[in-house]
Every structure is written in C-alpha cells, then in structure tokens.
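Work through the following exercises with the coordinates open. Each task is followed by a solution in steps.

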Amino acid sequence: MTGYEELRLRHVRDAMAAAGELIGRLDWSVARLAAHRDAELRRLVRTAQTASPWHRKRLEHVDLNALNEASLAGLPVMTKDDLMANFDEIVTDDRLRLDVVEDHLEALTAADAYLFGRYHAVASSGSSGRRGVLVYDWDGWIAAYLGTVRHMLRELAAWPKSAHPPLAAMIGSGTATHMMYAAGRTFSTPQLATRAFAVAQPVQELVAGLGDCQPDLLFGYASALHTLAREARAGRLRIAPRFVISTSEPLLPEMREELGQAWGVPVLNYYACSEAGAVAISCHRGGDWLHLADDLVIVEPVSSRGHPVPPGERADKIYITNLFNHTLPLIRYEITDEVTLLDEPCRCCSGHQLIADPQGRLDDTFDYGKIAVHPHVFRSPLSRRRNIVEYQVRQTARGAVITAVCHGPADLAGLEAELVTRLTELGVPSPEVSVTAVGSIARHAGKLQRFVPLADAGSVGDRRGAHKPAKTPGPGAHSADRTGTSRTADLS
C-alpha cells in the first residue's frame with residue numbers, strides 16, 4: 001500500500017507540472033475565457049449526467065450541444081441542504097458514501113490524509129448555518145490549490161534570489177478538515193515553505209512564533225490579521241512581510257487600512273470557499289477589487305428571488321458552478337454571499353471579471369418582524385471605535401447583545417445609545433442594545449462569526465427589505481463609498 005508521503009510527493013510533482021498552464025490562464029483574453037467556460041461546462045454536465053444519479057434526473061433534458069454559459073440559467077439550482085441530503089447520489093464514485101467520508105473526516109486531526117489513495121475530503125465550518133462536506137479527486141485538489149496560489153507563484157518567480165526560500169505563515173484553523181490548511185500540507189515544498197499557526201492560540205504566542213520565523217508572506221483570517229496589525233503598530237510584533245493576504249472572513253475597509261498602515265505592503269483579499277477553492281483574488285497591482293477565477297468557476301450574481309443582478313449592483317447571493325470538480329458536481333450551487341460585479345476593466349488589463357471587495361452575506365441581515373436591519377447599521381458605529389478590535393453582534397427580540405474586545409477606552413455607553421437611536425429610526429419598537437467588553441470571543445472552527453441572528457429568524461428568501469445601494473463604484477472610485485457588509489463563504 002502506497003504511503004502518504006509517497007502519494008503527497010507524487011501529487012506535488014503533478015501540481016508543479018500543471019502550474020504553468022493555470023498561471024498562464026491569468027493572461028487569457030475575455031473571449032478565450034468565455035470559450036473555455038463553455039467547453040468546461042459541457043464537460044462537467046456530461047459527467048454529471050452519466051455518473052451522478054441525482055444530477056442525471058435533474059439534467060436529463062439538457063442538450064449538451066446547445067449548452068453554454070448563456071443558457072446555464074435554465075438549469076436547476078442546488079443548495080447545501082440538497083448536497084447533504086443527497087450526497088451519496090451526487091458523488092460520481094460509489095465508494096464515497098457520506099458515512100465513509102464522515103468517518104475519514106472524524107479521524108483527521110492536524111495530519112493531512114488521502115481517502116482511497118486518491119481523494120481529499122474537507123468540511124465547511126458551518127458558519128452559514130449548516131455544515132457541509134466536500135470531496136475532491138486528484139486533479140480537482142490540484143486545481144483548487146493552484147487556483148488559490150497561482151497569483152503568488154507568479155509574483156514569487158519575479159522576486160530576487162535570496163539565501164533562503166520564501167516562507168509563508170498561515171494563521172488558520174489548524175485542522176486537516178479545513179481546505180486551506182489541508183491543501184497547504186499536501187503541496188508544501190521547499191520552494192514555498194509554510195508554517196501554520198492556530199488562530200485560537202493566545203496572541204502573545206502568535207507574536208512570538210511569527211517573530212521567530214519572520215515570514216515573507218502572512219496569510220490569515222481577517223480578524224486575526226487585524227489583531228496582529230495592532231500588535232505590530234504597538235511595537236510588540238516585529239516582522240516585515242512582503243505581502244499580507246486576508247482569507248476566510250470579510251476584509252472590511254477599516255481592516256484593510258490598518259493592515260496597510262502596520263506593514264506598508266500590499267494587502268490582498270482572497271475570496272474563497274470550500275466548495276470551489278479560490279473564487280476571486282485581489283489584483284496584485286493594488287486596489288480594493290478582485291479578479292474572479294472565471295476559468296475555474298462560473299459565478300451568477302442573483303437577487304433573493306434568484307433573478308440576475310447586473311454589474312454595479314450588489315447581489316443578495318450567488319450561484320456558483322465549480323467547473324473542475326467532477327467527483328462532486330456543484331452546478332448552480334447557492335451561496336448567500338453578497339457580491340458585486342464591476343463593469344469596467346482593471347488597470348492591469350486582465351481579462352478576468354472584476355468584483356468589489358466582498359463585504360457581505362445576506363444571512364447577516366437581522367429581521368425584526370417586517371423590519372430588516374442590514375449589518376452595516378451595527379458595523380459602521382463599531383468600526384469607528386478604534387479601540388474595538390473584535391466584536392460579535394447577537395440579535396435579540398428587540399435589539400442586540402454585543403461583545404467587544406477592546407484595547408483601550410471605547411465609550412461603550414455612547415455606542416449603546418447610538419445603536420438604539422439607529423434602530424429606533426428604522427422602526428424597531430423600543431429597541432434594547434447592550435455592549436460588553438470581553439477578553440476574547442469564541443470562534444467557530446477558528447472563524448469569528450460577527451453577526452448571529454435569532455434561531456427563529458425568517459428564511460433568506462424573505463429578507464427583501466435590507467438597504468441596498470444602487471451602484472458600487474469600480475476601480476477608479478474611492479472605497480469609502482461602499483456600504484455592503486457581511487461574511488464571506490467558508491475556506492479555512
């Protein structure tokens with residue numbers, strides 16, 4: 001039986017062999033990308049029709065010869081509930097029953113492992129309300145990894161040669177059930193060494209560990225990086241990364257600003273999910289916008305009712321089609337992230353579609369009867385208190401209970417009064433808001449869930465009253481005009 005390390009090294013060689021082609025796609029034209037998506041969509045649906053019993057029933061009337069991205073809207077939507085309820089009928093390998101995959105995941109700790117010597121399984125953390133299980137085959141795992149790191153690999157190739165290879169520090173969940181951590185372990189090489197840090201460990205330990213290893217690249221959850229930026233500005237963390245890369249949580253405007261001030265280097269945003277790996281990545285030439293990985297995924301921005309949303313308007317959710325994972329076909333899979341396509345080209349001349357910094361998730365809207373309160377109502381006052389470094393807003397029947405980690409005075413009584421006034425103006429009757437300072441906030445699988453709605457809150461489809469700006473400015477506009485908020489999809 002082939003051992004893990006032998007499989008891993010073979011996988012690394014295959015990934016390096018494929019890297020050139022996937023990096024080259026970053027320079028493809030709009031027309032070439034569109035033709036590629038059409039061809040890959042037909043290939044994916046053909047696999048789903050022939051090897052997935054669940055998809056076969058749903059897609060039996062699809063004419064592959066006529067199928068393209070423009071006609072994709074005629075296919076049915078699938079949800080996480082569909083995935084977990086029909087997992088055994090969706091996968092294209094009969095050995096990958098959900099109970100088998102769950103047993104494999106349960107046995108994983110910090111060590112990466114293969115399933116049947118070919119597959120990788122991961123679990124989304126469930127911050128969107130329900131845990132999800134995903135499986136990738138050999139080539140799909142390579143595509144998921146390279147889709148995330150190919151921009152960086154291209155940058156690294158242009159760096160001057162040094163006495164030691166680049167070192168990446170990754171602050172994340174620390175368990176192999178999470179995609180970013182597991183892929184980093186699978187494809188770790190001397191050319192880009194990775195040192196992992198568990199986000200749950202004390203800040204003092206993170207500061208000491210990062211100071212010892214002196215990373216060239218600093219990856220991490222946005223909230224964790226924000227805390228470390230405060231440590232750097234206070235002089236307790238002395239590192240000099242060349243890039244800072246935020247993942248797994250929304251990179252809020254005030255966070256981006258503080259990270260830039262702390263280290264004076266490019267701050268990149270990686271918008272990704274366990275269902276597809278990298279969905280979009282910041283342009284390395286600067287700006288708070290991202291390039292879609294639209295050679296690997298098709299993203300359809302839609303309203304809460306599933307109607308297409310044009311560029312410049314913030315969508316309530318997206319339907320994502322993973323073009324490269326034929327083991328677990330996800331076709332028009334619903335993710336409730338609020339995404340805005342931008343209708344102008346990037347100054348770097350890339351053919352990949354631009355999106356604004358993802359700031360939101362429809363699920364973060366709080367419903368008080370017929371009154372929908374967008375998370376920006378809470379986030380804006382909280383973000384102005386510079387000494388509040390982390391927070392969590394829990395909805396109550398008449399308002400919210402907020403816990404805040406404060407590094408200095410923050411006038412919590414004034415914050416309570418401001419939020420009560422805002423909720424009153426929106427029509428919430430006799431609102432009550434309490435803000436309590438705490439030493440730390442519990443994380444779910446390492447991530448900080450900022451907005452926690454009531455358990456009996458209305459369905460996503462009923463949340464139609466939240467404020468939505470008509471337009472979102474593009475690469476030439478100032479980022480302060482953007483007001484959308486909430487969490488990004490899971491990739492940990």
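**Exercise 1. The small sheet**

Task: Find how strand 10 and strand 11 pair, and over how many bridges.

Solution. Strand 10 and strand 11 (residues 317–322) run antiparallel to each other and share six bridges. Strands here are DSSP E runs of at least two residues, helices are H or I runs of at least four, and both are numbered from the N terminus. Two strands pair if DSSP finds at least two bridges between them. Within the pair, V302 stands opposite K317 of strand 11. Next, place the pair in its sheet: three strands form an open sheet in the order 10-11-12, with antiparallel pairing. Strand 10 (297–302) and strand 12 (333–335) are the edge strands, each pairing on one side only. From one strand to the next, the twist averages 30 degrees.

The model is predicted: local features need pLDDT of at least 70, side-chain atom pairs count only at pLDDT 80 or more, and totals for chains, interfaces and linings use all residues. Residues are numbered from 1 along each chain as its sequence is written, and side-chain values use heavy atoms, with hydrogens and water left out.

**Exercise 2. The eight-stranded sheet**

Task: Give the strand order of the open sheet of eight strands and state which strands stand at its edges.

Solution. The order is 4-3-5-6-7-8-9-14, and the pairing is mixed. Strand 4 (193–198) and strand 14 (354–356) stand at the edges; each has a single partner strand, so one side of each is left without a neighbour in the sheet. The twist averages 25 degrees from one strand to the next. Inside the sheet, strand 6 (residues 243–247) pairs with strand 7 (residues 267–273) in the parallel sense over four bridges. There, I245 has L268 in strand 7 as its bridge partner.

Helix 8 (residues 179–186) packs on this sheet, touching strand 3 (167–172), strand 4, strand 6, strand 7 and strand 8 (277–282). Its direction makes about 150 degrees with that of strand 3. Contact means heavy atoms within 4.5 Å. Axes are lines fitted to C-alpha atoms, for helices over the stretch in contact, and angles run from 0 to 180 degrees between N-to-C directions.

**Exercise 3. Helix 9 and its surroundings**

Task: Describe what helix 9 lies across, and how its axis crosses that of helix 10.

Solution. Helix 9 (residues 203–213) lies across strand 3, strand 4 and strand 5 (217–221), at about 170 degrees to strand 4. The axes of helix 9 and helix 10 (residues 222–233) come within 11 Å and cross at roughly 70 degrees. That makes helix 9 roughly perpendicular to helix 10 (65 to 115 degrees). The contact is made by V203, L206, V207 and L210 of helix 9, with T227, L228 and E231 of helix 10.

The loop between helix 9 and strand 5 holds Q214. Q214 is not a glycine, yet has a positive phi of about 50 degrees.

**Exercise 4. Burial**

Task: Is A123 buried or exposed?

Solution. A123 lies in strand 1 (residues 120–124). Its relative accessible area is 4%, so A123 is buried. Buried means under 20%, exposed over 50% and partly exposed in between, with a 1.4 Å probe and protein chains only. By the same scale, Q214 is partly exposed at 35%. Of the 492 residues of the chain, 59% count as buried.

Note on methods. Angles under 35 degrees count as roughly parallel, over 145 as roughly antiparallel, 65 to 115 as roughly perpendicular and the rest as oblique.
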